[in-house]
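Let's take a walk through this model together, going from paired charges to strands and then to the empty space between them. Keep the structure open as you read.

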Amino acid sequence: MATQIAHGHFWEEEHVTHELCEQMFPEVRYVKFNRPQETLIGADYLWWWSDPDGQSFGCLIQAKSLKKRGSSWRVGSDNRGKLDKQLTRLLAAADELQVPAAVSLYAGDSAYRHELVCSFGHQDAPCNRREGAAVTLLPALPVLHDNRQQVGRSLMTRLPVGGVDGADVFHQALPLVRLTDPGPDPQTITYTDLDLKGIRRDLRPFLMEDQSGARKVAKMLYDAMRRYQASDGVPKDRVEYMSPWQLSSRLDFTRSTFIRHVHRGLRSELPSYVERALAGAVPSSIAQYAAGLVLVQL
């Protein structure tokens, strides 16, 4: 991979999605849709995780490559407005499908991501050497918010480049392999009564109770959004030292609105269109919002 990139040949996100699904077969099944509007949709795939009892979780995922530009890393394009437009469109499509939206990050092989070093401290192995580092996942909402904050700062200071720090986003993303076999999560957040203040009562069990299977995948995705720190790289225990401007740019994702965004992807049964799509009968109501569909059987 690193050799290919050195010669100017980068990998296509959708191709990597196909290769990943092939490697994970038979636990993972997938289908690519034939769509006339492919250029509008891009590499957005509708993923479903399903338990043997039918409990399922769906998420619309947009594939992005982490690209090195000088000493910096970018999520997808160098165009600072393009990521905003793509994620805004992704979130709108997720609203139509009534599932959350997420971004998958492709970081290549170990040689390519050797210099992919983030600004956060590490208690274990650096994030570029952790298991599953090649493909990671993060909710789209905090990435979009972070990108807008960083673009705003670059415009105020007249810097030519703005947007999220790819290395810091990569640090906070979940290795996708952890979501194909969601066992005990060492990063599980313990929610207190204070955390739940103002949270709708019907959503509280999702946060407080131990989850498994598809519900565990949903909980891990929300916890990743809850933990997200913007690219200023300031740990939460240093918030008291931040300027008022920095504080105003930090968004609290412990709100019912953000919890519902993830929670809405849960279903008591796998939607019937999933198996139909995998068999080749893709409903147009799904194909207009996604490039393909992936089913992870837990």
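**Charged pairs, strands and a cavity**

Asp95 and Arg264 join their side chains in a salt bridge, with N and O 2.8 Å apart; the term stands for a side-chain nitrogen of Lys or Arg within 4 Å of a carboxyl oxygen of Asp or Glu. This contact brings together distant parts of the chain, since Asp95 sits in helix α4 (residues 82-97) and Arg264 in the loop between α11 (256-263) and β8 (266-267), 169 residues apart. Helices here are DSSP runs of H or I with at least four residues, strands are runs of E with at least two, and both are numbered from the N terminus. Asp95 is partly exposed at a relative accessible area of 40%, whereas Arg264 is buried at 19%. Those words have fixed limits: buried is under 20% relative accessible area, exposed is over 50%, and partly exposed lies in between, using a 1.4 Å probe and protein chains only.

Before going further, please note that this is a predicted model, in which local features need pLDDT of at least 70 and side-chain atom pairs count only at pLDDT 80 or more, while totals for chains, interfaces and linings use all residues. Residues are numbered from 1 along each chain as its sequence is written, and side-chain values use heavy atoms, with hydrogens and water left out.

How many salt bridges does a search of the whole structure find? There are four. Side chains of opposite charge can pair when their charged atoms come close. One of the pairs is Glu275 with Arg29, whose closest N and O atoms are 3.1 Å apart. Here too distant parts of the chain are linked: Glu275 belongs to helix α12 (residues 272-278) and Arg29 to strand β1 (residues 28-32), with the two positions 246 residues apart. Glu275 is partly exposed at 36%, and Arg29 is partly exposed at 25%. Another pair is Asp202 with Arg200, at 2.6 Å from N to O. Asp202 has a relative accessibility of 46% and counts as partly exposed; Arg200, at 38%, is partly exposed as well.

Now follow β1 into its neighbours. It pairs with strand β9 (residues 292-297) in the antiparallel sense over five bridges, where pairing requires that DSSP finds at least two bridges between the strands. Lys32 has Gly292 in β9 as its bridge partner. On β9 you also meet β2, which runs parallel to it and is joined to it by six bridges. Ser50 stands opposite Gln297 of β9. Five of the six residues of β9 are buried, so this strand is mostly covered.

Next, return to α4 and move along the chain. In the loop between α4 and β5 you will find Gln98, which has a positive phi of about 60° although it is not a glycine. Most residues other than glycine have a negative phi, and most peptide bonds are trans. Gln98 is partly exposed, with a relative accessible area of 40%.

Strand β5 comes next, and six of its six residues are buried, so it is largely enclosed by the rest of the structure. Both of its faces are covered: Ala101, Val103 and Leu105 are buried on one side, and Ala102, Ser104 and Tyr106 on the other. What pairs with β5 in the parallel sense? That is β3, over six bridges, with Ala101 as the bridge partner of Leu60. Strand β6 (residues 135-139) pairs with β5 in the antiparallel sense over five bridges, and there Ser104 has Leu137 as its bridge partner.

Ser104 and Tyr106 also lead us to an enclosed space: together with Thr17, Trp47 and Ile61, they lie nearest the centre of the second largest cavity, which is lined by 11 residues. α2 (13-24), β2 (44-50), β3 (56-69) and β5 (101-106) are the elements that give two or more residues to this lining. The largest share, three residues, comes from β3.

A helix rounds off the tour. Helix α9 (residues 213-227) has 15 residues, and 13 of the 15 are buried, so α9 is largely enclosed by the rest of the structure.

Notes: 1 Å grid on protein atoms, 1.4 Å probe; cavity = no way out; pocket = protein on both sides within 12 Å on 5 of 7 lines; lining within 4 Å. Expected span 1.5 Å × (residues − 1).
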